[in-house]
Amino acid sequence: MYLVTGCAGFIGSHLTEKLLEQGHYVIGVDSFTEYYHKNIKENNMKNFIAHKNFTFIRKPIEDITSTDLVFTNLKHVDAIFHLAAQAGVRASWGDNFRQYTIHTFEAAQKMLEVARTLKVNKFVFASSSSVYGDIGTYPTKEHAGELWPISPYGVTKLASEKLCNLYHKAYNLPIINLRYFTVYGPRQRPDMGFMKFLDAIQNNRTIKIHGDGSATRDFTYVSDAVDATIAAATCKSNYTIANIAGGSRVNLNEVMDVLRHVTGKEVRIENIPEQLGDVKHTYADIETAKSLLNYNPKVKLEDGLTNQYKWYKDEFSKLQ
Ligand SMILES: NC(=O)c1ccc[n+]([C@@H]2O[C@H](COP(=O)([O-])OP(=O)(O)OC[C@H]3O[C@@H](n4cnc5c(N)ncnc54)[C@H](O)[C@@H]3O)[C@@H](O)[C@H]2O)c1
């Protein structure tokens, strides 16, 4: 039996679906935060909401009654996949920061308490490449140097990682922190780059690119991220940090070429000033994931974007 928090979200819904396909029992927790529309989250869950091995708890994690609910309902949880969070780099400045301290930092603490009480075999935490900031060493190993995130979001993820480390040391809780690098594919969050680009192309608008397009990202297709996440639940290590990246490191100008090819449409670009909090490059060393999780990212950017474009047209565009 597995517990997945954030099961209605982009990555969490794919993870839940795959675990159920593999024959596992899954308890899903999600409060449908208002960061993006609930219709999208309901659609994310449509393939498994009625699955006989799935139980859904629609509650905010930071609400203590929801953790009570988790305690009373659950007896044998093999692992917790903690994906619920306030995601998104750009929205983390200013008044919005509270959403990040509540849904990312506080929620992590609540789930760590649940994990130690239930004595799970593994707490899998969804961390982020944002913890690296502009580290300057590429490809970046997990222990490449001091971590100085350049967005408030990155700070809350790093603080949550530290909390994981503390719970491991204090309670011997087995933990793996997965640092995901820009995950994409069907169900991607509407605030993420590829979704904005596809939306602009489809509606004949100009794509606004922050900077000159030379920024690079190590893009990770969602099924690859999910494979690594599932492997993390049963991996041998008692405490690890592992980069999860796709090996499709390209700059934004190259992304535009792929989009032209995938959509068969005209792609017009306007370069606008860089955005506070956006790192210049991400490029991961994935040797830890390869050796520990048998991780081997399979999906190429063009194929992954083709799948995402199809989903955008067939499903997302009808949900608005
Ligand atoms: N998508 C990426 O490229 C990426 C990269 C790095 C890290 N991550 C991390 O992976 C995880 C999943 O990301 P995603 O893109 O699927 O995000 P998402 O926003 O689609 O999913 C998160 C889900 O968590 C739920 N949630 C948030 N706070 C909650 C709370 N307090 N109680 C219950 N439910 C709550 C939301 O309603 C949402 O459905 C997040 O922790 C994110 O920070 C994602």
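1. Which residue takes a positive phi just after α8? In this predicted model, Gly-264 does so, with a phi of about 70°. The helix that precedes Gly-264, α8, runs over residues 252-263, and its 12 residues reach 16 Å from the first C-alpha to the last, close to the 16 Å expected at 1.5 Å a residue.

2. The buried residues of α8 are Leu-252, Val-255, Val-258, Leu-259 and Val-262. They lie on the same side of α8 because they cover an arc of only 105° around the axis. The face turned away from this buried side carries Asp-257 and His-261, which are exposed, while the cover over the buried residues includes α6 (193-202), β8 (207-210), β11 (248-251) and α10 (301-319).

3. The largest nonpolar core holds 78 residues, and those with the most contacts inside it are Ile-80, Phe-81, Phe-123, Val-124, Leu-178 and Ile-244. Helix α4 (residues 97-118) gives this core its largest share, seven residues. A second core, separate from that one, has five residues, among them Val-131, Tyr-132, Ile-135 and Val-155.

4. Leaving aside residues up to four places away in sequence, Phe-123 touches Ile-80, His-82, Leu-112, Ala-115, Cys-164, Leu-173, Pro-174 and Ile-175.

5. The ligand is surrounded by 28 residues, of which Gly-6, Gly-9, Phe-10, Ala-85 and Ser-128 are the closest. At least two residues of this shell come from each of α1 (10-21), α4 and β5 (122-128), and the largest share, three residues, belongs to α1. By character, the shell divides into 16 nonpolar, eight polar and four charged residues.

Methods. Residues are numbered from 1 along each chain as its sequence is written. This is a predicted model: local features need pLDDT of at least 70, side-chain atom pairs count only at pLDDT 80 or more; totals for chains, interfaces and linings use all residues. A nonpolar core is a set of buried Ala, Val, Leu, Ile, Met, Phe, Trp, Tyr and Cys residues joined through C-beta atoms within 7 Å. A residue is buried if 20 or more other C-beta atoms lie within 10 Å of its own, exposed if 12 or fewer, and partly exposed in between; C-beta atoms are placed from the backbone. Helices (H or I, at least four residues) and strands (E, at least two) are DSSP runs, numbered from the N terminus. Two residues are in contact if their C-beta atoms, placed from the backbone, lie within 7 Å. A residue is near a molecule or strand if its C-beta atom, placed from the backbone, lies within 6 Å of it. Ala, Val, Leu, Ile, Met, Phe, Trp, Tyr, Cys and Pro count as nonpolar, Asp, Glu, Lys and Arg as charged, and the others, Gly among them, as polar. The expected span of a helix is 1.5 Å times one less than its number of residues. The arc is that of the directions from the helix axis to the C-beta atoms.
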